[in-house]
Amino acid sequence: MIERGLSVSLSQVAPIPLDVKLTCAAGELLALVGPSGSGKSTILRAIAGLYRVKHGRISCNGVAWLDMGDKINLSPQARRIGFVVQNFALFPHLTALENVMEAMTAQPVMERARRARDLIARVHLSGLEGRLPAALSGGQQQRVAVARALAREPNVLLLDEPFSAVDRATRERLYQELAELRRDLAMPVILVTHDFDEASLLADRMCVLFQGKTLQVGAPDDVITRPSSVQVARLVGLKNVFRAGVIKHIPERNVTVIEWRKHILEAHLQSKFSAGAQVAWAVPQGQLVMHESREMHRGEPENLVSGVVASVARLGDNAILSINVGGAKRPPLFMSVPLHVARHNKIEMTSRVTFSMLREGIHLMPPDKNLTADLVMTL
Amino acid sequence: MDWSALSLSLKLAAWTMVILFPIGIWLGRVLAWQDFRGKPLVEAMFALPLVLPPTVLGYYLLVALGGATPLGRFYHDLTGQQLVFSFEGLLIASILFNLPFAIQPMQRGFEAIPIEVRDAAACCGLSGWRTLWRIELPLAWPGILTALVLTFAHTLGEFGVVLMVGGSIPGETKTIAIAIYDRVQAFDTAAAGAMSATLLIISLMAISFTFLISSRFKSRRHD
């Protein structure tokens with residue numbers, strides 16, 4: 001148990017399977033990430049005291065909130081949490097200001113209005129205090145919900161997909177606002193989201209969940225570039241996941257050598273996989289570097305591979321190429337290049353392209369029995 | 001025009017409404033939000049007065065409230081009076097036959113409050129009573145008001161049960177609906193007509209009031 005912060009351990013088999021252990025320190029933002037049905041929202045509701053689990057322990061700042069062994073189960077009121085839910089659940093008959101004031105029952109009556117106005121100002125809603133929720137936009141409602149959640153000076157702030165009900169432009173502004181607001185928040189913050197980009201943008205740590213189980217916990221960058229299993233790689237959206245054999249380790253050069261489709265590739269040293277072992281490996285699209293057709297390579301290129309472009313899809317300012325390496329029957333490799341690079345190099349279907357895979361980006365994982373011969377996982 | 005019958009009816013309707021207000025809120029909330037074994041049967045029992053012939057209900061009440069039953073004896077020992085053919089007995093009957101009119105609109109009213117809003121109230125630290133007062137009652141208000149008005153109007157118009165349990169004792173159990181029947185039997189169509197028109201107007205006004213309130217409520221919520 002940690003002294004300052006939240007510590008959660010939950011387990012049950014049915015009706016919703018859960019097997020989760022997590023901690024969140026004061027001032028830290030932990031993201032619970034996973035597909036729908038992975039139990040993220042249930043965990044948040046259990047922390048809030050709104051969902052009763054079969055077995056578990058939850059404690060915050062040294063106080064037990066839930067301990068099934070000792071028959072402790074504090075009510076949501078007694079836990080003093082701030083909770084922002086997906087559709088915000090504002091009280092529809094109360095104005096923005098009244099919504100915030102309603103959460104201040106523990107504070108002196110005389111101070112409530114002033115403090116509520118301060119909070120409304122903090123979430124950039126000054127001037128809209130008298131509006132009913134129905135007269136506010138999605139983004140404004142979200143801000144009222146955040147202000148209301150903070151009004152109790154909560155022990156823990158829980159955010160359940162708070163950005164999913166607003167449009168993209170608003171969402172980006174709200175991300176920024178949350179990041180600013182966070183600097184002043186001294187309590188643990190838990191954010192539930194299914195969006196890995198959102199989690200990596202906002203969170204200090206990320207907990208990947210699948211069917212109620214914790215698959216991996218770590219810094220967002222680590223989880224996304226170094227997933228602990230093929231399953232996590234698949235969940236974080238890595239498209240380039242293949243099988244390979246480990247040939248040898250060269251510790252003095254900090255390199256592990258693998259063989260993939262008759263290419264010898266060098267990865268950063270990962271000696272926990274023994275030579276001769278079958279492994280799964282992944283490389284993020286950002287760790288692939290296109291070689292310009294008319295330029296000479298400078299220095300020794302890393303892991304030079306060539307293939308034939310099977311498809312070109314435009315996504316914003318980038319072109320997503322699928323490239324057949326070692327024959328069209330095998331799953332392709334995906335790579336993203338800026339549109340102007342694709343145009344400049346006249347890349348189109350059937351073009352032959354040469355690229356490097358950066359050593360640092362090649363990440364090995366235990367083989368997965370679901371990963372059939374060289375199969376790429378697509379979500 | 002039998003003013004004593006009208007005032008008795010209004011008194012009965014008002015008392016029924018007042019007593020069913022908390023009962024309806026309690027039962028409406030339980031039925032709206034809780035699942036338990038045998039819930040359909042419980043709901044069916046509360047809805048029974050909607051379909052049961054009033055004379056059947058009246059017959060059972062007459063038997064249940066009579067001096068031969070524990071309830072009737074208990075009341076007699078307590079007050080020295082009997083429940084049947086008294087205003088109090090009539091009130092009990094009125095409460096029972098109005099249960100569906102009170103419970104069902106209130107239940108629909110509470111059902112319309114999203115669970116997220118109730119959870120939010122708990123997370124905001126509101127106690128059960130404060131949640132009821134500040135969140136649930138204002139949100140379920142159109143349903144509650146409809147229930148009260150329906151109860152009131154329905155009590156004014158009830159005939160069969162009243163006749164079975166209360167008889168027709170002037171000033172005690174002779175309600176306006178009974179008085180109308182009485183007048184018709186005595187070929188006094190002028191009085192019967194006047195009282196019928198009075199009842200019609202009161203009922204129409206009551207029902208119009210609920211529609212007015214609920215449409216106001218809707219438009220305010222969507223301002």
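Which residue in β8(A) is the bridge partner of Ile81(A)? In the predicted model considered here, that position is taken by Val156(A), and the pair belongs to the parallel pairing of β7(A) with β8(A), which extends over four bridges. On its pairing with β9(A), a strand formed by residues 189-193 of chain A, β8(A) again runs in the parallel sense, with four bridges, and within β9(A) it is Ile190(A) that stands opposite Leu158(A). The connection from β8(A) to β9(A) involves helix α6, residues 168-182 of chain A, and the three elements together make a right-handed β-α-β unit.

Strand β8 of chain A, which spans residues 156-160, is mostly covered, five of its five residues being buried. In a regular strand, side chains alternate between the two faces of the sheet. In β8(A), Val156(A), Leu158(A) and Asp160(A) lie on one side, whereas Leu157(A) and Leu159(A) lie on the other, and both faces are covered, with each of these residues buried. Val156(A), the partner of Ile81(A), and Leu158(A), opposite Ile190(A), are thus found on one side of the strand, together with Asp160(A).

Beyond its pairing with β8(A), strand β7(A) also takes part in the association of the two chains, in which 22 residues of chain A are in contact with 19 residues of chain B. The elements that contribute two or more residues to the side of chain A touching chain B are α2 (76-79) and β7 (81-84) of chain A. By residue class, this side of chain A comprises 14 nonpolar, four polar and four charged residues.

Methods
Residues are numbered from 1 along each chain as its sequence is written. Chains are lettered from A and ligands numbered from 1 in the order in which they are written. This is a predicted model: local features need pLDDT of at least 70, side-chain atom pairs count only at pLDDT 80 or more; totals for chains, interfaces and linings use all residues. Two residues are in contact if their C-beta atoms, placed from the backbone, lie within 7 Å. Ala, Val, Leu, Ile, Met, Phe, Trp, Tyr, Cys and Pro count as nonpolar, Asp, Glu, Lys and Arg as charged, and the others, Gly among them, as polar. A residue is buried if 20 or more other C-beta atoms lie within 10 Å of its own, exposed if 12 or fewer, and partly exposed in between; C-beta atoms are placed from the backbone. Two strands pair if DSSP finds at least two bridges between them. A crossover is right-handed if, with the strands pointing away from the viewer, the path from the first strand over the helix to the second runs clockwise.
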